[in-house]
Amino acid sequence: MTRTLALLTAAAVLSGCQTFNSAEPDGVPPVEDASVVTQPPAPKTYASFSQETLFALLSAELAGQRNRFDIALGNYVQQAEATQDPAVAERGYRIAEYLGAEQAALDTALIWARNAPQNLDSQRAAAIQLARAGRYNESMAYMEKVLQRRGNTHFDFLALSAAETDPDTRAGLLQSFERLQVKYPDNGQLLFGKALLLQQDGRPQEALDLLQKQPAKTLPISATLLQARLLQSLSRGDDALPLLESAIERTPKNKRLRLTYARVLVEQGRMDDAKGEFTTLLQQNPEDDDLRLSLALVCLEAEAWREAIVYLEELVERGSHVDTAHYNLARAYEALEQPDAALIEYALVSPGNDYLPAQARQTTLLFQAGRGAEATRLLAAARDAQPDYAIQLYLIESEALSNAQQTEQAWQVIQQALTHYPDDLNLLYTRAMLAEKRNDLGQLERDLRFILERDPENAMALNALGYTLADRTTRYEEARALIEQAHQLNPEDPATLDSLGWVNFRLGNLDEAERLLREALARFPDAEVAAHLGEVLWAQGKQREARAVWSDALKTAPDSPILRSTLQRLTGSERP
């Protein structure tokens, strides 16, 4: 090829480069297909490029055709900076966007915007890239240029990009929004962006008030969705429903609106209505398997077991969400009291998010059916097949054996697990709990102390050791220190509140013990907590209240060993 022909080819390539998008619909990168011959669009007027520039740009195009996008981008960025040509800068920007090259996208967007000030796309591109770079004031200046020319703005993106910034930056950006709002009071996108900033700043009521001042018809759909989220965050989900219903009437085929409406119905406990909305959504979007799964899950929540089974089987047939479908089919069959069908479905769940829950439920069902040996055999096979899950599978087996009052077998399983994983904290914690059942408090303390050496802020281990010392020894002050440390780490945990109440009882602080145990029982109506509270009330001479607490607990846990033993010890009978 002669030099003249090469230059002509480069000029021909460059004359059409402004027509390419960042990516074609099928995902093809933003470079030309040399095998396709089309009538080129009327070329733009370009600056007079040097031979070096033409060769660099031609090399970029050829590199792009050979999937060497790094070379293509590098050449375009270099020549955009050298020539300041808006078409070259735009081409570089599109390639950078496609590749996710943030700095190159920012550099080329700014060159494009400076050299094509009347082009709204260039101004928007600069605004977005500046926002991504955290240069919000500069971004706002470009946004205002777009706004002045009544172009579509991206104030929502600008606001969302500031979500992780510091409060001072958000405050400054909010002031810029307020300044623009004075000039453009009816701009819905500007209002929406400001509302997003207020929400991020922890001012949901102000954000809601701002949006509610405007007629709903003038705001974008995204603003309506934000209003619904704000109402939910303010515990006013019931007020979000009519807002969404009105918007759906205006745009009945808007998927996001109807999906949000359906989810609010679920949160409000209106399962039948939610089921109807998800059914409509699926009819409008029959290929959307995410909707099909959501509908199945809503059916499960509404206890429409057989209807759920239909949708879940469809997912399996379509090869979509297969493991989740098998897991929830098993749940449905359990609810229909078909344990054999449930076991088949649980066994079909492959490794993934639903694998361990499926293994746990399968094990429980087998133990309930008196098929514990089969469960043990299946878990051993699963450990061999899926060694990455071995620790969790040992724990599932140990828990099942312990729940079946087979403490020694559970102990042997954990001992076997620890030969393979001697420093695993979950296995050590489980062995400590089994040691307590075997009255081996020395082993319990050694294991829990080992855990605390490795993880001094392990609230569960702190609480377990403190409770055991309070319940099974006279080392009450040491126990209280451990439990109080656990409480500081996890003040909302009802188990820790129960322990704190119990150690106060042991120390003779009956009023404080009662207060803590009442709080624990309110948060977690558990038989052991009820047994403890009843004993504290009994010690205070409040026998009638104690009997009432025990009686309520027995209604939900009639076979609780701790309730029965407490009643027998204090009243001489297992009945309140």
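This is a short walk through a predicted model, stop by stop, with a suggestion of what to select at each one.

**The whole chain**

Start with everything shown as a cartoon. You'll be looking at 32 helices and zero strands. Now colour by burial if your viewer can do that: of the chain's 576 residues, 46% count as buried. How far apart in sequence are the residues that meet? Taking contacts between residues at least 6 apart in sequence, 49% of them join residues at least 24 apart.

**Stop 1: α4 and α5**

Select residues 86-99, which make up helix α4, and residues 102-115, which make up helix α5. Their axes come within 8 Å and cross at roughly 150 degrees. Are the two parallel or antiparallel? With that crossing angle, α4 is roughly antiparallel to α5, since angles over 145 degrees count that way. The crossing of this pair is left-handed.

Next, turn on side chains where the two helices touch. From α4, show P86, A89, E90, G92, Y93, R94, A96 and E97. From α5, show A104, A105, T108, A109, I111, W112 and N115.

**Stop 2: A223 in α12**

Jump along to helix α12, residues 221-233, and pick out A223. Is A223 buried or exposed? Its relative accessibility is 0%, so A223 counts as buried. Leaving aside residues up to four places away in sequence, A223 touches F192 and L211, so add those two to your selection. Then draw a distance from the C-alpha of A223 to the C-alpha of G188: they sit 8.2 Å apart in space, with their positions 35 residues apart in sequence.

**Stop 3: α16 and α17**

Here's another helix pair. Select residues 289-301 for α16 and residues 305-318 for α17. The axes are 8 Å apart, and the packing angle is about 155 degrees. That makes α16 and α17 roughly antiparallel to each other, and their crossing is left-handed.

To see the contact itself, show these side chains:

- On α16: D289, R292, L293, L295, A296, C299 and L300.
- On α17: W305, E307, A308, Y311, L312, E314, L315 and R318.

**Stop 4: two loop residues with positive phi**

Time to leave the helices for a moment. Select E337, in the loop between α18 (322-335) and α19 (339-347). Its phi is near 60 degrees, a positive value in a residue other than glycine. E337 is also exposed, because its relative accessibility is 70% and the cut-off for exposed is over 50%.

Now find N439, in the loop that links α24 (425-437) and α25 (441-454). What is the phi of N439? It is near 60 degrees, positive again in a residue that isn't glycine. N439 has a relative accessible area of 56%, so N439 is exposed.

**Stop 5: a stretch annotated in UniProt**

Highlight residues 494-527. An unreviewed UniProt entry places the feature "repeat: TPR" on this stretch. In the model, the span is 82% helix and 0% strand. Put a distance between its end C-alpha atoms and you'll get 13 Å.

**Stop 6: V549 in α31**

Move on to V549, which belongs to helix α31. With a relative accessible area of 14%, V549 is buried. What does V549 touch? Not counting residues up to four places away in sequence, its contacts are L521, A530, L533, G534 and L537. For one more distance, try V549 to A527: their C-alpha atoms are separated by 9.7 Å, and the two are 22 residues apart along the chain.

**Last stop: α32**

Finish with helix α32, residues 561-571, and show L563, R564, T566 and L567, which are buried. Now look down the helix axis. The buried residues of α32 fall within an arc of 165 degrees, so they line one face of the helix. What covers them? The cover includes α30 (527-539) and α31 (543-556), so bring both into view.

Then swing round to the other side of α32, where P561 and R569 are exposed. To end the tour, click on G572, which follows α32 and has a positive phi, near 80 degrees.

Terms used: Residues numbered from 1 in each chain as written. Heavy atoms only, no water. Buried < 20%, exposed > 50% of the residue type's maximum accessible area, 1.4 Å probe, protein only. Helix = DSSP H or I, 4+ residues; strand = E, 2+ residues; numbered from the N terminus. Arc of directions from axis to C-beta. Contact = heavy atoms within 4.5 Å. UniProt positions renumbered as here; feature names shortened; annotations may be inferred. Axes fitted to C-alpha atoms, helices over the stretch in contact; angles between N-to-C directions. Parallel < 35°, antiparallel > 145°, perpendicular 65-115°, else oblique. Left-handed = near helix turned anticlockwise from the far one by under 90°.
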